[in-house]
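I sat down with this protein and its ligand today, notebook open. Here is what I looked up, in the order I went.

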Amino acid sequence: MPRVLIVANRLPVTVTPTATGVEVQKSSGGLATGLLRPHEQSGGLWIGWSGATEEELSTEQRAALTEQLAAMRLVSLPLTAGQVARYYEGFSNGVLWPLFHYLLDQVPLHVRDWEPYAEVNEQFAELVARHYLPGDLVWVHDYQLLLLPELLRRRLPDARIGFFLHIPFPSEELFRTLPERDRLLRGLLGADLVGFHTPAYLRHFAASLTQILGLTVEIDRVQLADREVRLGVFPMGIDAESFGAMAEEPGLEAEVRSLKEDGRLRLLVGVDRLDYTKGIPRRLLAYERLLEAHPELRERIRLVQIAVPSRTNVEAYQEFRSTVDQMVGRINGVFGTPRWVPVHYIYRGLSERELVALYRAADVMVVTPLRDGMNLVAKEFVASRTDGDGVLVLSEFAGASWELPEAIQVNPYDVEATAESYYRALSMGEEERRSRLAPLRARVQTYDVHRWTATFLEQLATCTRRKPESRQALAGLEAAKEELLIQLRDREELLALLDYDGTLVPYTATPELARPDPTLLELLSALASRPRTELHVVSGRARETLEQWLGSLPIALHAEHGFWSRLNGSEWISAGDTGAGWREPALTILRDITARTPGSLIEVKSVALAWHYRMADREVGARRANELRLHLTQLLSNQPVEILAGHKIVEIRPYGINKGRIVPPLPPERLASTTLLAMGDDRTDEDLFAAVPPDAITVKVGPGATHARFRIDGVPAARSLLHSLVQAEVPR
Ligand code: ADQ
């Protein structure tokens, strides 16, 4: 098993400064339990913050802490109180947490803590890189470290990096409200594997990649320029066996009986961190509604609500605490009697044993968050019910709901319906209770936390990093430059065949906006005037455009994928008659789809027709493009044309007309003295790559499948490559 480096905001410990040093206590809890096994078994490290700020510890205490942590193979990332206030409480808990839980109104009006967030992520990257050894698996956790995968990738290009998000990934329309949305997405794309609790979160993330970054996601993977990122669904489980065992401990039964006042009370139980996402106020309102609507239940039921103090330094949490206090006070004041307290509210954490006793005592477990990544409490309840009884009322907005469909599912925003579902749960017969719980138990026992860690790490381990040799096969900009210069030493003629859009200029909203800028014209002109150099620009565009934009340069132009050619200022020559019977019917279809797809447009060329959808909504555009291709393929099946899907474009053009046509004849003696460069970004450029000799320097610009030998990042890299040719010494 490879060594696993776990990276999370917090280390699984609690640190207390003492007179002589520090006391370090291991903390338990969902994540810690789950990750302890790979941590122990792989001999790995856990890297995170200890929970004590730099200001809280003296120099001696810091040294003592480091030493004690090292013995547990834990590595602490030091944070100052200011960093905790801004990176952790400010941006992570003040902005990302509410936004990712759909609670936009909790996001501050003016977000200011981005810089410290990015800075701490950098610090994490430095620290992890320092401890990394080749072959390690790096597993980064949660929303505090969204930038870390990319920051690590820069430092450790060959590392296998996994990321798991413990909270929901919000719908793309919400996510895009974040000013730093692009950087956060790119941060995550530094990983090889990005995991979520549910398929819906994965879908939201994929939609964000498409809509915000313009990337194409193929169900569970995204192809980047130089590597692939896999996306996966890994619903987190709990240590079901240990909860089951605790539930069977002797003496527990007595505790359960006393909680239920020897059977006189039926209990509804809620166990949460005191967090506004957990739905406690509406849960209380629903309980109040239940008491109003069903007075016969008074003095016979009780809601036990346990709330662990959480994020007490964040203002929203302080206000929230007093809201809950007041509601509990009000309900108890209105409905309580000398013999009966309707809500038993406890504001502190309980031991695991106390928790299990409560889970066992619950007639109805109420888990009604407004939004929750997964919710482990629901699973802990199920695992503790070794007696096979008890009803789970579960919010449909908890990640756990898709895994636990046999629970009574509720919409926590619907207070009336929630109250009714409590009633339904309380009135449910034993047979139904048992038959609903059995499949829940099977699920929670099978997909436990150990299975969760093992599955994630297994998948991460199969993300094969490219070996150094194969990387050379698709090397980047520097390698392409080097190879060009080496070839030019022996073969002094330079023949450059260059695509235009997406290679020499970036894509623009509409095709006419992509006219060449002065820097490009200068660059092409300098390259064309290089001795023994022949420069061709080949494009899918119409002749008129190319002539207008590049006609004054001493270069060869090829329009409409090589149907038209104009060699150094001569006349345009066409490839011959191609028949045009297909154009009218095709145009009819194109006009129809354009009318139905806002932001799309038709380009009519002399032989080809093109449908552009760069400006259309990304998802709709892509769907319509598929529809169009299908339709055209049927309509034009007996016509001498081909239908091509390019970069945000669908093109119909006569057969045999492709960019490969423009490669000039290269008799052996010319071949021996020519260095050939072919560069393009689109699928149509693959025809060009296929038509040149195998040792030509073929360069793919940007992501996507290719047969080119080199891949570079984008237009600036393409220009930089040409620039290096202009500057290269020409032998005399
Ligand atoms: P949390 O928001 O912390 O976790 P949850 O999944 O319910 O939510 O886990 C809480 C843990 O704390 C449970 O193990 C529970 O037993 C314990 N706990 C809660 N209240 C307690 C109390 N009063 N006393 C003692 N212990 C208490 C985040 C996400 C979740 C996701 C987890 C794991 O918000 O959606 O399920 O991470 O990915």
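My entries below go from the domains to the ligand and then to the salt bridges.

**Entry 1: the layout.** I kept in mind that this is a predicted model. I started with the domain assignment, which splits the protein chain into domain 1 (4-233), domain 2 (240-453), domain 3 (477-575 + 658-727) and domain 4 (583-654). I noted that domain 3 is listed in two segments, 477-575 and 658-727.

**Entry 2: domain 1 against domain 2.** I looked up the C-alpha centres of domain 1 and domain 2 and found them 30 Å apart. I then looked at who takes part in the contact: 28 residues come from domain 1 and 23 residues from domain 2. The area buried between the two is about 2,000 Å², and carbon and sulfur atoms give 64% of that. Which residues of domain 1 lose the most area to domain 2? I found Trp97, Leu103 and His197, which together make up 24% of what that side buries.

**Entry 3: what holds the polar side of it.** I asked how many salt bridges there are between domain 1 and domain 2, and the count is 0. Polar contacts do turn up there, with 7 residue pairs counted between domain 1 and domain 2.

On the domain 1 side, I listed the elements that give two or more residues to the touching surface: α1 (30-41), α3 (81-100), β6 (137-141) and α8 (199-213). Helix α1 gives the most, with 7 residues. By class, I noted 15 nonpolar, 11 polar and 2 charged residues on this side of domain 1.

**Entry 4: the ligand.** I turned to the ligand next and found 22 residues surrounding it. The closest are His166, Asp372, Met374, Leu376 and Glu380. I looked up three polar distances to ligand oxygen atoms:

- For Met374, a polar backbone atom is 2.7 Å from an oxygen atom of the ligand.
- For Asn375, a backbone N or O atom lies 2.9 Å from a ligand oxygen.
- For Glu380, a polar side-chain atom lies 2.5 Å from a ligand oxygen.

**Entry 5: salt bridges.** I looked up the total for the structure, and it is 52 salt bridges. I picked one to follow: Arg155 pairs with Glu122, their closest N and O atoms being 2.8 Å apart. Arg155 sits in helix α5 (residues 148-155) and Glu122 in helix α4 (residues 114-131), so this pair ties together parts that are 33 residues apart in sequence. A reminder to myself: side chains of opposite charge can pair when their charged atoms come close.

Key: Residues numbered from 1 in each chain as written. Predicted model: local features only at pLDDT ≥ 70, side-chain atom pairs only at ≥ 80, totals over all residues. Heavy atoms only, no water. Domains from an automatic or database assignment. Contact = heavy atoms within 4.5 Å. Buried area = accessible area lost by both parts, 1.4 Å probe. Salt bridge = Lys/Arg side-chain N within 4 Å of Asp/Glu carboxyl O. Polar contact = N/O pair within 3.5 Å; in protein donor to acceptor, adjacent residues only side chain to side chain. Helix = DSSP H or I, 4+ residues; strand = E, 2+ residues; numbered from the N terminus. Nonpolar A, V, L, I, M, F, W, Y, C, P; charged D, E, K, R; others polar. Near = heavy atom within 4 Å.
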